[in-house]
Amino acid sequence: MKTPPLSRIESPRHARILAAWLLVGCVLVASTLILGGVTRLTGSGLSMVDWEPVSGAVPPFTAEAWEREFAAYQASPEYRLVNRGMSLGEFKRIFRFEYAHRLLGRVLGLVFIVPFAVLLWKRIIPRSLVPRLLIIFALGGAQGLLGWWMVQSGLVDVPRVSPYRLTAHLALAVLVYALSLWTALALLRPEDGAAASDPGSGGRPGRWSAVVLGLAALTMLSGGFVAGLDAGLVHNTFPRMGSDWIPPDLFAASPWWLNLFENRTTVQFDHRVLAMLLLVGVTALWRACARRAGGAALKWAHAGFAAVWVQAVLGVATLLLFVPIPLAVLHQANALVLFTALLGLTFELRRA
């Protein structure tokens, strides 16, 4: 990922202001991702059956407004096929999770566009950075549209969102997060002679860190299919899947490639394999950095090493305990912590 030229920033103070703004955006994106996981795990994602970008920002306050929302939900496939007989109080609980998720997305948009306009007007944003910021904003807007397109897939006949759309929604959020974080790091730590003279920077760890970062992203997207298919609720044993190392129904669907995306056994198997490869990859990268890197790169390597082992423990515990919500949320949140550490490490190693 090439860093935009930032030489026209007039002062380090301006760079810190821009970086702080982008980091606040990263925190909000991360919060939206985690809250989205809670929404899915609590079965709340289909509780709001309309998409109203402006008026939908105001929640129901009166009894009449709640009755209207509940009546709209009662006409949906999820109520008829899954939650028939649900009380208004139970509906309010799931509605509030989905409402909070959508509201956070709106807040994220405002936190980006308002400071962007002000900082641009005050000439704190250099022209070289404007195209990347506009791309981030456009991707964020597309994320909202993609989220509604995902919800629509569960409002037709089968009350379940498409795992393809859910994973695409996740992928776009991770992309926005990665672009924002990388740009913030570039503002805080621009390339200079000090970076080039950092002992042990670059080299072999620098060549492999991007590969491991890509593997982490692929593992996260694999987790999107696990979530979309509830694949964590099958084969709740480890390290074997049931009594087998390789389950017999791994390629039960035809054509064979459909198993990779729609067969719950195969989707869980793939996620296990990717997770174990990631564990080995991050551990090997950490050992290489411990020998050859220093400074900020080594700190990021230590963070990634700790995060990947915590992630492995959380993943196995979540599986063995049949996906309890608190553990599943922690597993998803720590995946982002691990991704952040690997992105920071990749940035530092490439910076030299």
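**Close-up views of a predicted helical model**

**View 1. Aromatic pairs and one aromatic cluster.** There are 18 aromatic pairs, a pair being two rings of Phe, Tyr or Trp (its six-membered ring) with centres within 6.5 Å. Planes under 30 degrees apart count as stacked, over 60 as edge-to-face, and the rest as tilted. Tyr 73 and Tyr 79 make an edge-to-face pair, because their ring centres are 6.0 Å apart and their planes stand at 75°. Tyr 73 is buried at 0% relative accessible area, and Tyr 79 is buried at 10%. Buried means under 20% relative accessible area, exposed over 50%, and partly exposed in between (1.4 Å probe, protein chains only). Both tyrosines belong to one aromatic cluster with Trp 66, Phe 70, Phe 91, Phe 95 and Tyr 99.

The model is predicted: local features need pLDDT of at least 70, side-chain atom pairs count only at pLDDT 80 or more, and totals for chains, interfaces and linings use all residues. Residues are numbered from 1 along each chain as its sequence is written, and side-chain values use heavy atoms, with hydrogens and water left out.

**View 2. The salt bridge between Arg 40 and Asp 230.** The whole structure holds five salt bridges, each a side-chain nitrogen of Lys or Arg within 4 Å of a carboxyl oxygen of Asp or Glu. In this view, Arg 40 meets Asp 230 at 3.8 Å, N to O. Arg 40 lies in helix H1 (residues 12-41) and Asp 230 in the loop between helix H8 (203-229) and helix H9 (259-262), so the pair ties together parts that are 190 residues apart in sequence. Helices here are DSSP runs (H or I, at least four residues), numbered from the N terminus. Arg 40 is partly exposed, at 28% relative accessible area. Asp 230 is also partly exposed, at 24%. Arg 160 joins Arg 40 and Asp 230 in a network of salt bridges.

**View 3. Salt bridges within helices H4 and H12.** Side chains of opposite charge can pair when their charged atoms come close. Arg 102 and Glu 98 form a salt bridge at 2.8 Å, N to O. Both sit in helix H4 (residues 88-121), four residues apart, about one turn of the helix. Arg 102 is buried at 13% relative accessible area, and Glu 98 is buried at 4%. In helix H12 (residues 325-351), Glu 348 and Arg 351 are three residues apart, again about one helical turn. Their salt bridge spans 3.6 Å, N to O. Glu 348 is buried at 5% relative accessibility, and Arg 351 at 11%. An α-helix has 3.6 residues a turn, so residues three or four places apart point the same way.

**View 4. Helix H11 and its cover.** H11 (residues 295-320) has 26 residues and reaches 39 Å from its first C-alpha to its last. That is close to the expected 38 Å, where the expected span is 1.5 Å times one less than the number of residues. Its buried residues include Ala 297, Ala 301, Gly 304, Gln 311 and Leu 319. Helix H10 (264-292) and H12 are among the elements that cover the buried residues. Just after H11, Phe 322 takes a positive phi of about 60°.

**View 5. The largest nonpolar core.** This core has 58 residues. A nonpolar core is a set of buried Ala, Val, Leu, Ile, Met, Phe, Trp, Tyr and Cys residues joined through side-chain atoms within 4.5 Å. Trp 21, Ile 125, Leu 133, Leu 278, Phe 339 and Leu 342 touch the most other members. H1, H4, helix H5 (130-152), helix H6 (163-188), H8, H10, H11 and H12 each supply at least two core residues. H6 gives the largest share, 14 residues. Beyond its neighbours within four places in sequence, Ile 125 contacts Leu 18, Trp 21, Phe 116, Leu 119, Leu 120, Val 130 and Leu 133. Contact means heavy atoms within 4.5 Å. A second, separate core of eleven residues includes Val 49, Tyr 79, Ile 94 and Tyr 99.

**View 6. Cysteines and an exposed tryptophan.** The model has zero disulfides, a disulfide being a pair of cysteine sulfur atoms within 2.5 Å. Cys 26 is buried, with a relative accessible area of 4%. Cys 289 is buried at 0%. Trp 121 lies in helix H4 and is exposed, at 67% relative accessibility. Its C-alpha is 37 Å from that of Pro 60, which is 61 residues away along the chain.
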